[in-house]
Number of protein chains: 2
Amino acid sequence: MISTEEQILVAAKNVFHRSGYAGARMQEIADEAAINKAMLHYYYKNKQQLFRAVFMQAFGKLAPQLNAIFSGTEGIFEKIRWFTADYIDFVVENPYLPSFIIQELNNNPDFAVEFMSHDGKPNPQPFIDQLNKEIAAGTIRQINPKQVLLNIFALSAFPFVAPVMVKGLLNISEEEFEALMEERKTLIADQIIDSIKI
Amino acid sequence: MISTEEQILVAAKNVFHRSGYAGARMQEIADEAAINKAMLHYYYKNKQQLFRAVFMQAFGKLAPQLNAIFSGTEGIFEKIRWFTADYIDFVVENPYLPSFIIQELNNNPDFAVEFMSHDGKPNPQPFIDQLNKEIAAGTIRQINPKQVLLNIFALSAFPFVAPVMVKGLLNISEEEFEALMEERKTLIADQIIDSIKI
DNA sequence: AAATGGTTTAACCAAATGGTTAACAAAGAT
DNA sequence: ATCTTTGTTAACCATTTGGTTAAACCATTT
């Protein structure tokens, strides 16, 4: 049997991911957890605290993915291939995560700054240094490392951040979407590597 | 002197873009428009109607950008260079637009399907056909046109969809961000063209 | 100047919402 | 066995929120 506290967290995750902070209702979370609304406040002081727990858990899942590419010891091409495939695999299993995190960071500026100075925040500097070193050594093209990083994120994350728009515009079903994402795991890496290799 | 109805729309745009549908408060919109709350309901039946007006106006600004690349008569390379530069220029002036549209499409599934069957919805088929023709003619590489389209959107839009996350992770100021975007106007196009040209 | 019609306001209302309380049950601890 | 802590519930509360109403305002027409 799963503990009530965890039931709450699971329910809260579902509701917050589905509706965002402002759109989520405490009653809806209680219903989804099949418990009394008062229990929410027994385990978590208030909506903000509950949200914080959900958000931190969400980001806690994503952070290792980012740190892998930032701090690993592998070569750059290796890292890129590895990250894009891993990231897409992971996000297919947790489709609401990217849009949830990005939306809430956008909408709660005060929360965002507090969070951005947090310990768990991944630091891309090692990866940028690595790119600069390769550039200096002449092994890759002279491209702004921050642009490379941005491209990796953009190509990997965008379809999951804007799934409704993407499916709507491309006029594709959920299955076609997943097939596209599968194809993307190698396609993206190839394109990024092509864009930096000499 | 600007009409009250327009004052309301401007204020509503600001508040909705800032806080999203669920987070927006009618009182806040009234305050921002410096009018009585009852006026909102005099000109627009209710919150949903007001939101619809704002959303349609927002998408109405973005649609021409998309239709340009979808239905223009230019060559593909030309189109890509033109679109990326134009899109970034436009979005720098309207920074909240992409995240607003994508967020609301994600959060209001019923609204999304209704909207996706709307007339104004851009149709990418001509562009996809164009890519397929070039592939058949052997003038560009054999790449899934939908992936190309997705890449164009991802690379162009992502930084504006996740500005807080991007600025936070890359640890850059607003000015640096804008400089990056300026650089991106040509960089993105080069990369996409590189990825499809033989 | 009286009537007309659109516009604006202050006050009000019902429902929704986040949160609390007090009683009660279960489970350990003494 | 009894006391104490922890978990759970139903009822309740204060505030917020979207929305309404009726009266006042004001420009134009008659």
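Me: How many residue pairs are in polar contact across the interface of chain B and chain A?

Reply: The rule finds 18 such pairs, both residues at pLDDT 80 or more. A polar contact is a pair of N or O atoms within 3.5 Å; within protein, one must be able to donate a hydrogen and the other to accept it, and residues adjacent in sequence count only if both atoms are side-chain atoms. This is a predicted model, in which local features need pLDDT of at least 70 and side-chain atom pairs count only at pLDDT 80 or more, while totals for chains, interfaces and linings use all residues. Residues are numbered from 1 along each chain as its sequence is written, chains are lettered from A and ligands numbered from 1 in the order in which they are written, and side-chain values use heavy atoms, with hydrogens and water left out.

Me: Why is the pair A:Arg141 and B:Asp194 called a salt bridge?

Reply: The term requires a side-chain nitrogen of Lys or Arg within 4 Å of a carboxyl oxygen of Asp or Glu. The N to O distance here is 3.7 Å, so the pair qualifies. Across this interface the rule finds two salt bridges.

Me: What makes the two chains count as touching, and how many residues are in contact?

Reply: Contact means heavy atoms within 4.5 Å. By that rule, 53 residues of chain B are in contact with 53 residues of chain A.

Me: What is the area buried between chain B and chain A, and which residues of chain B lose the most?

Reply: Buried area is the accessible area (1.4 Å probe) that two parts lose on being put together, summed over both. For these chains the value is about 4,400 Å², and carbon and sulfur atoms give 65% of that. On the side of chain B, the most area is lost by B:Leu150, B:Phe158 and B:Leu169, together 15% of what that side buries.

Me: Which residues come nearest to DNA strand C?

Reply: A residue is near a strand if one of its heavy atoms lies within 4 Å of it. Of the 14 residues around DNA strand C, the nearest are A:Arg25, A:Lys37, A:Asn46, A:Lys47 and B:Met39.

Me: How do you know that the side chain of A:Lys37 makes a polar contact with DNA strand C?

Reply: An N or O atom of that side chain is 2.6 Å from a base oxygen of the strand. The limit is 3.5 Å, so this is a polar contact. B:Asn36 has a side-chain N or O atom 3.2 Å from a base nitrogen, and B:Thr4 has a polar side-chain atom 3.1 Å from a phosphate oxygen.
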